[in-house]
Amino acid sequence: MGIQEDLEQCKNRAEHEDVREPLMDEQDGSFAQSSSKESARMVYLSTFVAVCGSFAFGSCAGYSSPTENAVREDLSLSLAEYSVFGSILTFGAMIGAITSGPIADLIGRKGALRVATSFCVAGWLAIYFAQGVLALDLGRLATGYGMGVFSYVVPVFIAEIAPKSLRGALTTTNQLMICGGVSVAFIIGTVLTWRALALTGLVPCAILVFGLFLIPESPRWLAKRGREDEFQTALQKLRGKEADISQEATEIKEYIETLERLPKARFLDLFQRRYLRSVIIGVGLMVFQQFGGINGVCFYVSNIFESAGFSPSLGTIIYAILQVVVTALNTTVIDKAGRKPLLLVSASGLILGCIITATAFYLKVNELAIKSVPALTLIGILLYIGSFSAGMGAVPWVIMSEIFPINIKGVAGSLATLVNWFGAWAVSYTYNYLMSWSSYGTFILYAAINALAIVFVVTVVPETKGRTLEQIQAAINA
């Protein structure tokens, strides 16, 4: 029975690929035939509107670092209360990630973007008007929920509207805009009050709300819902008035019918032997990505620099700029260098960055070579974030999209995303407690986890560059 099921799955996957490739080629051809500026503008405009959600995501993530001291002082928060405030964002994101798929399927991609934006707006206003810890935490929880929905819907929407020739470049703008949102929050947070910084989070939300009135819904979602007229209209807008979309429209509908025929996976199916290694790879990469300490460093980088005696404003600005630059460069080499090399180089850099930072704090605690502490801390943290942006930041998400069979991709992807957000919450919540226990010990712990990540990548993770989905599955199941 297991062999027969595998044969059926391969047949379904082959059918899926046979449908998918003509669809993608035809999308590319249609777009090329309709070289009008109008069609290009609509695709670019739709992408720009969607990635405003990515920027809003980054604004939420970057808020807590430059505001820690001011918020604690103004509202008389204890370290424990601020740790809850910082980490509850990721708890809200976990809820958002779980519900994002059903919401996007029920009310559409644009509808899901509106829901996420509404939560972010409510959250930022609650933070702005907060006079105590309850309103502050509720606002942070709401913005976290919006983050979780954005994390799923934005890349899905872009992938569903973009032609093949532009899909890769447009999809990378999601990660770039997240980094951009974090970086802008870090930089302007050094000159604005914490309440004013909360109001700046409303800007991308406002652009997104108004922009959604100007762009079409995802044609794929409309076709899946059986809304034929709206599907044709949306596709025509995206490909241009003069484009012949008849064949592409047929391919999209056949593709959706093929997906509908695939067996519906349940959560317990993920633990079947034939799926287990894929799940271990996808979930394992998310565990190492988060527990290597990234959200502790990202959420509290300003405090790290201040504790080491380096200018928090200058350090945060340098950190923010480096993060964007390295992330942009990474998008140009991921298909050339391969996934595993980038992960290994990235994890090695993370270890070295943690060791340098740990050394700086050890010297400070023991009052040895005090003058070298600020410089060592700066080098360690910049090496850490540069290394993370070079591989461990984006590559686990790329591999996750490649290793799961199509019939379990939704359930398995939800599990991996949930684990990722749980790790983000755990690290951001425990960071301040760990630093109170031992500043240098915290970074030694993160270094050890990143060392385990290297072992995991070498022994478990396959190289997926340049392989078809069938080849990847064969390598995983070998």
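Start with the whole chain and its contacts: in this predicted model, 83% of the contacts between residues at least 6 apart in sequence join residues at least 24 apart. Colouring by secondary structure shows 21 helices and zero strands in the protein. Of the 478 residues, 55% count as buried, and if you switch on the accessible surface, about 19600 Å² in total, 66% of that surface belongs to carbon and sulfur atoms.

Next, select the largest nonpolar core, which has 112 residues. The residues with the most contacts inside this core are Leu136, Phe150, Tyr319 and Phe443, while helix H4 gives the most to it, with 14 residues. A second, separate core of twelve residues can then be shown in another colour, and Trp221, Leu222, Ala234 and Ala249 are among its members.

Staying with the largest core, centre the view on Phe443 and display its surroundings, leaving aside neighbours within four places in sequence. Phe443 is then seen in contact with Val297, Ile304, Cys354, Thr357, Ala358, Phe361, Ile381, Tyr431 and Met435.

Move now to helix H4, residues 79–129, and pick out Arg109 within it. Is Arg109 buried or exposed? Arg109 counts as buried, because its relative accessibility is 6%, which falls under the 20% cut-off. Apart from residues up to four places away in sequence, Arg109 touches Ala104, Val153, Val156, Phe157, Glu160, Glu217, Ser218 and Trp221; of these, Trp221 has already appeared as a member of the second core.

From there, go to the loop between H4 and helix H5 (133–161), where Ala130 is found. With a relative accessible area of 0%, Ala130 is buried. Which residues does Ala130 touch, not counting those up to four places away in sequence? They are Leu75, Ala135, Leu136, Trp194 and Arg195, and Leu136 will be familiar as one of the residues with the most contacts inside the largest core. Drawing a distance from Ala130 to Arg195 gives 8.9 Å, C-alpha to C-alpha, for two residues that are 65 residues apart in sequence.

Finish on helix H17, residues 373–392, and draw a line between its end C-alpha atoms, which are 27 Å apart. At 1.5 Å a residue, the 20 residues of H17 should span 28 Å, so the expected span and the distance in the model agree. Colour H17 by burial as a last step: 15 of its 20 residues are buried, and H17 is therefore largely enclosed by the rest of the structure.

Methods
Residues are numbered from 1 along each chain as its sequence is written. This is a predicted model: local features need pLDDT of at least 70, side-chain atom pairs count only at pLDDT 80 or more; totals for chains, interfaces and linings use all residues. Side-chain values use heavy atoms; hydrogens and water are left out. Helices (H or I, at least four residues) and strands (E, at least two) are DSSP runs, numbered from the N terminus. Buried means under 20% relative accessible area, exposed over 50%, partly exposed in between (1.4 Å probe, protein chains only). Contact means heavy atoms within 4.5 Å. Accessible areas come from the Shrake-Rupley method with a 1.4 Å probe; for residues, only the protein chains shown count as cover. A nonpolar core is a set of buried Ala, Val, Leu, Ile, Met, Phe, Trp, Tyr and Cys residues joined through side-chain atoms within 4.5 Å. The expected span of a helix is 1.5 Å times one less than its number of residues.
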